[in-house]
Amino acid sequence: MTSTESVQKAPAKDPWDLPDVSGLVVGVLGGTGDQGRGLAYRLARAGQKVIIGSRVAERAAAAAGELGRSVEGIEGADNAECARRSDIVIVAVPWDGHAKTLESLRAELVGKLVVDCVNPLGFDKKGAYALKPEEGSAAEQAAALLPESRVTAAFHHLSAVLLQDEAIEEIDTDVMVLGESRADTDLVQALAGRIPGMRGVFAGRLRNAHQVESLVANLISVNRRYKAHAGLRVTDV
Ligand SMILES: NC(=O)c1ccc[n+]([C@@H]2O[C@H](COP(=O)([O-])OP(=O)(O)OC[C@H]3O[C@@H](n4cnc5c(N)ncnc54)[C@H](OP(=O)(O)O)[C@@H]3O)[C@@H](O)[C@H]2O)c1
């Protein structure tokens with residue numbers, strides 16, 4: 001090898017060259033709620049195999065049955081079975097139940113790609129405001145509780161109303177994707193990109209998840225003022 005060859009770098013990877021995730025099973029913890037149900041519906045509609053999770057298997061089966069009237073590929077299971085059988089596990093439970101849910105599923109989530117979309121928010125008469133989790137963010141709490149899982153954060157800014165509206169073909173928004181491993185954030189970006197109109201954009205490491213989670217308080221203000229279901233676009237990328 002000559003000295004010139006030894007300093008040559010591999011060509012930079014195209015950040016939009018994302019993996020094929022179409023064969024992966026996506027589980028949604030708390031998938032009986034608005035956000036989880038909406039994501040499950042959109043992903044199944046895009047052809048993904050989806051398992052809705054619930055604390056009660058019958059509730060998951062009922063939600064899967066309802067969605068199954070309009071899309072194929074959705075099953076229901078209790079949260080533990082959902083986590084065990086899925087390759088990618090989206091956490092869509094309320095902030096109040098976040099830590100307890102993840103602690104109880106630590107074994108099932110070992111090695112799994114976990115996607116946290118939880119926004120720790122408070123509400124008072126002035127509207128929504130961001131809470132400050134001890135760990136920094138919901139995503140960092142998940143990473144602390146699940147040291148053997150691959151924790152990422154995404155899907156915070158979606159409107160569950162739009163996701164669930166069957167008449168809407170495209171969801172016009174970007175999805176900020178955060179995580180520690182580029183391979184994992186690529187997978188989550190690819191998953192977001194399965195939904196027509198949606199694009200996953202890498203937005204940093206988990207230590208910057210707090211701002212992304214908190215921004216939902218601002219979006220709620222936008223929605224109230226303009227009677228909208230606002231999304232976000234990152235320009236020039
Ligand atoms: N709604 C949105 O537009 C939206 C958008 C982006 C992100 N998010 C985030 O997504 C998460 C879910 O939102 P959501 O509106 O779908 O909430 P939700 O309807 O209140 O809750 C979702 C599901 O979580 C389960 N659950 C409720 N309390 C729980 C607890 N203490 N422990 C464990 N599981 C519990 C319930 O399912 P089972 O009773 O069947 O177990 C419920 O159906 C939130 O953290 C929110 O910040 C929401």
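Visitor: Which side chain meets Asp-174 in a salt bridge, and at what N to O distance?

Guide: The general idea comes before the case: side chains of opposite charge can pair when their charged atoms come close. This is a predicted model, and in it Asp-174 pairs with Arg-233 at 2.6 Å, N to O. Asp-174 sits in strand 9 and Arg-233 in the segment after helix 9 (209-226), so the salt bridge ties together parts that are 59 residues apart in sequence.

Visitor: Are those two partners buried or exposed?

Guide: They fall into separate classes. Asp-174 has a relative accessible area of 3%, so count it as buried. Arg-233 comes out at 40%, which makes it partly exposed.

Visitor: How many salt bridges does the count come to?

Guide: Eleven. Another one to look up is Arg-45 with Glu-169, at 3.4 Å from N to O. Arg-45 belongs to helix 2 (residues 34-45), while Glu-169 is in the loop between helix 7 (160-164) and strand 9 (173-179), so this pair links parts that are 124 residues apart in sequence. Arg-45 is partly exposed at 30% relative accessibility, and Glu-169 is exposed at 55%.

Visitor: Which residues do salt bridges with shared partners join into one network?

Guide: Lys-49, Glu-75, Glu-81 and Arg-85. Take the pair Glu-75 and Arg-85, whose closest N and O atoms are 3.0 Å apart. Glu-75 lies in strand 3 (residues 74-78) and Arg-85 in helix 4 (residues 79-85), so the parts being tied together are ten residues apart in sequence. Glu-75 is partly exposed at 28%, and Arg-85 is partly exposed too, at 35%.

Visitor: Back to helix 2, then. How do I read its span, from first C-alpha to last?

Guide: Set the span against what you'd expect at 1.5 Å a residue. Helix 2 has twelve residues and reaches 16 Å, close to the expected 16 Å.

Visitor: And how many residues of helix 2 are buried?

Guide: Buried means under 20% relative accessible area. Ten of the twelve residues in helix 2 are buried, so the helix is largely enclosed by the rest of the structure. Among them are Gln-35, Arg-37, Tyr-41 and Arg-42. Arg-45, the salt-bridge partner of Glu-169, is partly exposed instead.

Visitor: What follows helix 2, and what is its phi like?

Guide: Look for Gly-47 after the helix: its phi is positive, near 105°.

Key: Residues numbered from 1 in each chain as written. Predicted model: local features only at pLDDT ≥ 70, side-chain atom pairs only at ≥ 80, totals over all residues. Heavy atoms only, no water. Salt bridge = Lys/Arg side-chain N within 4 Å of Asp/Glu carboxyl O. Helix = DSSP H or I, 4+ residues; strand = E, 2+ residues; numbered from the N terminus. Buried < 20%, exposed > 50% of the residue type's maximum accessible area, 1.4 Å probe, protein only. Expected span 1.5 Å × (residues − 1).
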